[in-house]
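Here are my notes on the model you sent over, as numbered points. Have the structure open while you read them.

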Amino acid sequence: MNNLKKLQELTKISTIEIADALDVEVETVEAWQNEEKVPSVSDFEALSGIFSSQLDAQGIDSQSSKHPIHIRLSVDYLLNLGITLSDWITLKWAFEGQWNNDQLAIGFFSNNQLVRVISTESEFSDAFAGYLILQTEGEFEPYIDEFDNDREYDWRLLCLNDEKFVDVTNDLIAANLPVIS
C-alpha cells in the first residue's frame with residue numbers, strides 16, 4: 001500500500017505531470033500507483049520532492065502565518081508506513097490554512113470516545129518520538145501508551161475545531177479505516 005494516488009489527489013498533480021517531471025513513461029507511474037512495480041530509491045526521493053514542493057505551495061497560498069523551514073515529505077509517508085515530524089509539519093502547513101482555523105490533530109480513542117488530542121509539534125514528538133507508525137504488513141497499528149501500562153488506543157488524524165472534529169485519516173493516508181465521528 002502506498003500514498004502515491006492519495007498525494008496526487010491532495011496536490012492535484014496528474015500522472016502525466018509526474019511522468020514528465022521524472023522523465024519516465026506514464027505506464028511506469030501507473031505501475032507504481034497500482035503497486036505492480038516499486039520506484040527506485042532515487043525515484044522515491046524525486047517523488048518526495050515533487051509532492052513536498054506542491055504541498056508547500058498550497059500552504060503558502062492559504063496560510064497567514066510565517067513560512068516554516070524545510071518542508072519535506074518522507075519516503076515512509078509515500079510508502080504509507082509512517083509519518084515523521086517533518087511529514088506532520090508539511091501536512092499541517094498545507095491544509096490548516098484551507099480549513100478556516102481548524103487544525104490537524106491526532107486523536108486517541110477508547111471505545112470510540114476521544115480521550116487525548118495531539119495538535120502541536122512538541123506533543124507529536126513526545127507521543128511518538130517523532131515518528132507515528134501507520135502500518136506494518138498492511139495492518140494499521142494502534143497507539144500503545146507505554147507510560148500507562150501499555151494501554152492501547154485507536155488513533156485518527158483529525159480536522160479539529162475546539163471540541164468538534166472530523167476524521168480525515170482516509171483523506172490523508174491510503175487506508176480504509178472505519179471513520180470515527
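1. Starting with the surface: the chain has an accessible area of about 9700 Å², and carbon and sulfur atoms account for 47% of that. Bear in mind that this is a predicted model. As for what is tucked away, 48% of the 181 residues count as buried.

2. On overall dimensions, the C-alpha atoms fit a box of roughly 50 × 40 × 25 Å along the principal axes. The radius of gyration is 17 Å, and a compact globule of 181 residues would come out near 16 Å, so the two agree.

3. For the fold, you can count eight helices and nine strands. Take the contacts between residues at least 6 apart in sequence: 58% of them join residues at least 24 apart.

4. A quick word on charge. The chain carries 11 positive and 33 negative charges, and the mean positions of these two groups sit 5 Å apart.

5. Now the aromatics, which I'd look at with the side chains switched on. With ring centres within 6.5 Å taken as a pair, the count is nine aromatic pairs. One of them is Phe128 with Tyr143: the centres are 5.5 Å apart and the planes meet at 85 degrees, so this pair is edge-to-face. The cut-off behind that label is an angle over 60 degrees.

6. Where do Phe128 and Tyr143 lie in the chain? Phe128 belongs to helix α7 (residues 121–128) and Tyr143 to strand β7 (residues 143–145), so the pair ties together parts that are 15 residues apart in sequence. Phe128 and Tyr143 are both buried.

7. Another pair to check is Phe140 with Trp155, which is tilted, with 6.4 Å from centre to centre and 55 degrees between the planes. This pair, too, links distant parts of the chain: Phe140 is in strand β6 (residues 139–140) and Trp155 in strand β8 (residues 151–161), 15 residues apart.

8. Are Phe140 and Trp155 buried or exposed? The cut-off for buried is under 20% relative accessible area. Phe140 has 18% relative accessibility, so Phe140 counts as buried. Trp155 has 2%, so Trp155 counts as buried as well.

9. Last point: which residues do the ring pairs link into a cluster? They are Trp88, Phe108, Phe124, Phe128, Tyr143 and Tyr153. The edge-to-face partners from point 5, Phe128 and Tyr143, are therefore both on that list.

Notes
Residues numbered from 1 in each chain as written. Predicted model: local features only at pLDDT ≥ 70, side-chain atom pairs only at ≥ 80, totals over all residues. Heavy atoms only, no water. Phe/Tyr/Trp six-rings, centres within 6.5 Å; stacked < 30°, edge-to-face > 60°. Helix = DSSP H or I, 4+ residues; strand = E, 2+ residues; numbered from the N terminus. Buried < 20%, exposed > 50% of the residue type's maximum accessible area, 1.4 Å probe, protein only. Rg over C-alpha atoms; globule rule 2.2 N^0.38 Å. Contact = heavy atoms within 4.5 Å. Areas by Shrake-Rupley, 256 points an atom, 1.4 Å probe, with all protein chains shown as cover. Lys, Arg positive; Asp, Glu negative; His and termini not counted. Charge placed at Lys NZ, Arg CZ, Asp CG, Glu CD.
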